[in-house]
Amino acid sequence: MARAVSESTQTPPALAVLACLAVLATCVQRRYEVEPVPGYFEPTPLWCAVASAAGTRKSSVLHAIQVPIVGWEKLNADRMRRDIARVNAARAVSKQKIARLLQDAAKAKDATEREAIRAEIEQEELTQPDEIRAPRLFTSDATPERVQGLLAEHGERMAVLSDEAGSFQIMGGLYSGGQAHLDVYLQGHAGSSMRVDRASRAVHIDRPALSMGLLVQPGTLADVAGSKRFRDSGLLARFLWAIPESTVGRRDVRRHIPIPEHVQEAYKRGIFGLLEGWGEPVGKPKVLSLTEPARELWFDFAQQIENEQGEGGVYESIADWTSKLPGQLARVAAILELAEMGLAADEVSELSMRRSLQLGGLLIEHARAAFGLLGTDAVDSDAAAVVRWVIGNGLQEFTRRDAQKGQEGRFRSVDRLQKALDRLEAGDVVRSTKRRNKGAPPSLVYRVNPRLST
């Protein structure tokens with residue numbers, strides 16, 4: 001389906017692939033967990049984010065991918081309409097009766113009469129039918145408080161699927177005076193229990209599951225998500241990022257390849273199959289273990305990542321993201337297994353794990369690009385600051401002491417400055433050399449690439 005959507009819309013495959021993963025996670029989250037190693041469990045929500053410029057047909061891709069879940073919601077809403085109307089009417093009558101009884105209690109002449117009315121109110125509240133709602137799988141625009149409410153109302157699971165940057169803006173405090181409210185999102189990804197007790201509302205959720213599929217413009221994303229709070233909280237590290245190359249300017253306007261009907265139908269059947277029994281009460285999630293070959297593949301990948309994310313490692317600048325990557329890919333493998341085998345799956349196969357790890361390997365470079373785009377790669381940010389200082393002062397060479405003194409507000413640590421200089425040297429922006437000094441040891445000087453000023 002992802003391939004067919006990509007071909008039909010002439011868009012990069014990453015758009016459709018990550019949108020598909022977000023929709024699949026929406027279908028199975030909260031009902032399943034994966035156990036990579038004994039005693040270590042990962043829930044199955046996924047956060048997928050694709051940064052793609054305006055005019056790249058993001059909306060067309062997301063619409064095509066989410067058609068089955070929109071149809072499923074509508075189908076169930078139609079089926080439940082009569083029951084919802086009946087229950088709502090019964091609840092309205094009951095509430096009116098309770099209101100009348102409260103008035104009667106206030107006018108009661110003695111304690112005996114008041115107690116009798118109180119007992120009648122209690123009985124009315126106990127027999128009042130519970131509110132029922134048409135099932136909801138996702139929203140496109142909701143405040144953190146409303147997300148909490150949706151989780152409580154719909155089996156502790158919800159998704160945010162959108163082709164606009166509104167979700168990032170809301171997380172960043174669009175409706176709260178710039179104050180970011182991230183707890184509900186972080187808890188929804190981790191499956192941590194949620195307890196909100198405030199004067200205006202109370203929400204108790206044991207195992208929240210919140211998936212996200214966001215297809216947004218790079219500029220808007222950079223403006224909103226580059227805040228320190230987003231990075232320090234680990235929110236950005238929870239996304240699977242894709243920054244695909246745009247196809248704008250290379251599309252054939254005469255070409256029209258519709259999505260094959262048999263592909264759409266098979267995709268719809270698969271999604272509906274994963275949603276079977278969705279409305280039933282959810283207890284403890286079913287745990288998918290890994291087959292031994294799948295576990296060995298996962299261990300090899302996790303160790304490879306671990307070896308390269310320490311100080312000086314190739315993943316040092318995105319270590320917060322790579323440290324979560326093995327767990328994220330265990331989730332992806334479980335979701336792929338469920339998509340392949342259906343709800344009867346009970347373990348993750350070697351094939352599903354291999355596919356997941358292959359995807360993860362591809363996404364690493366996208367994550368580097370994303371964190372650079374967001375301005376959240378600390379070393380790259382420091383390196384850029386050094387470049388601005390060099391250009392601003394018209395320097396052709398400088399010492400490390402010069403750089404630290406000239407930017408002492410940023411570089412209070414020599415180690416931090418050195419990492420930035422190493423990054424610039426690796427990119428051939430500067431070159432270190434030793435300069436001879438009369439009567440003194442040679443000093444280390446950084447010469448600036450002449451092309452920097454052109």
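1. Start with β4 and strand β5, residues 157-162. Two bridges join this pair, and the strands run parallel. Keep in mind that this is a predicted model. One contact point to look up is phenylalanine 138: its bridge partner in β5 is alanine 159.

2. Now place that pair in the sheet. Five strands form an open sheet, in the order β4-β5-β8-β3-β9. The pairing is parallel. Which strands stand at the edges? They are β4 (138-139) and β9 (239-242). Each has a single partner strand, so one side of each has no neighbour in the sheet.

3. Next, find the helix on this sheet. Helix α5, residues 144-153, packs on the sheet and touches β4, β5 and β8 (209-216). The direction of α5 makes about 135° with that of β5.

4. Turn to the cysteines. How many disulfides does a search of the whole structure find? The search finds zero. Take cysteine 20 as a case. The closest cysteine sulfur to that of cysteine 20 belongs to cysteine 48, and it is 10 Å away. A disulfide needs two cysteine sulfur atoms within 2.5 Å. The distance of 10 Å is therefore too far for a bond. The view from cysteine 48 agrees: cysteine 48 is in no disulfide, and its nearest cysteine sulfur is that of cysteine 20.

5. Are these cysteines buried or exposed? Cysteine 20 counts as buried, at 11% relative accessibility. Cysteine 48 is buried too, with a relative accessible area of 1%. The cut-off for buried is under 20% relative accessible area.

How values were computed. Residues are numbered from 1 along each chain as its sequence is written. This is a predicted model: local features need pLDDT of at least 70, side-chain atom pairs count only at pLDDT 80 or more; totals for chains, interfaces and linings use all residues. Side-chain values use heavy atoms; hydrogens and water are left out. Buried means under 20% relative accessible area, exposed over 50%, partly exposed in between (1.4 Å probe, protein chains only). Two strands pair if DSSP finds at least two bridges between them. Helices (H or I, at least four residues) and strands (E, at least two) are DSSP runs, numbered from the N terminus. Contact means heavy atoms within 4.5 Å. Axes are lines fitted to C-alpha atoms, for helices over the stretch in contact, and angles run from 0 to 180 degrees between N-to-C directions.
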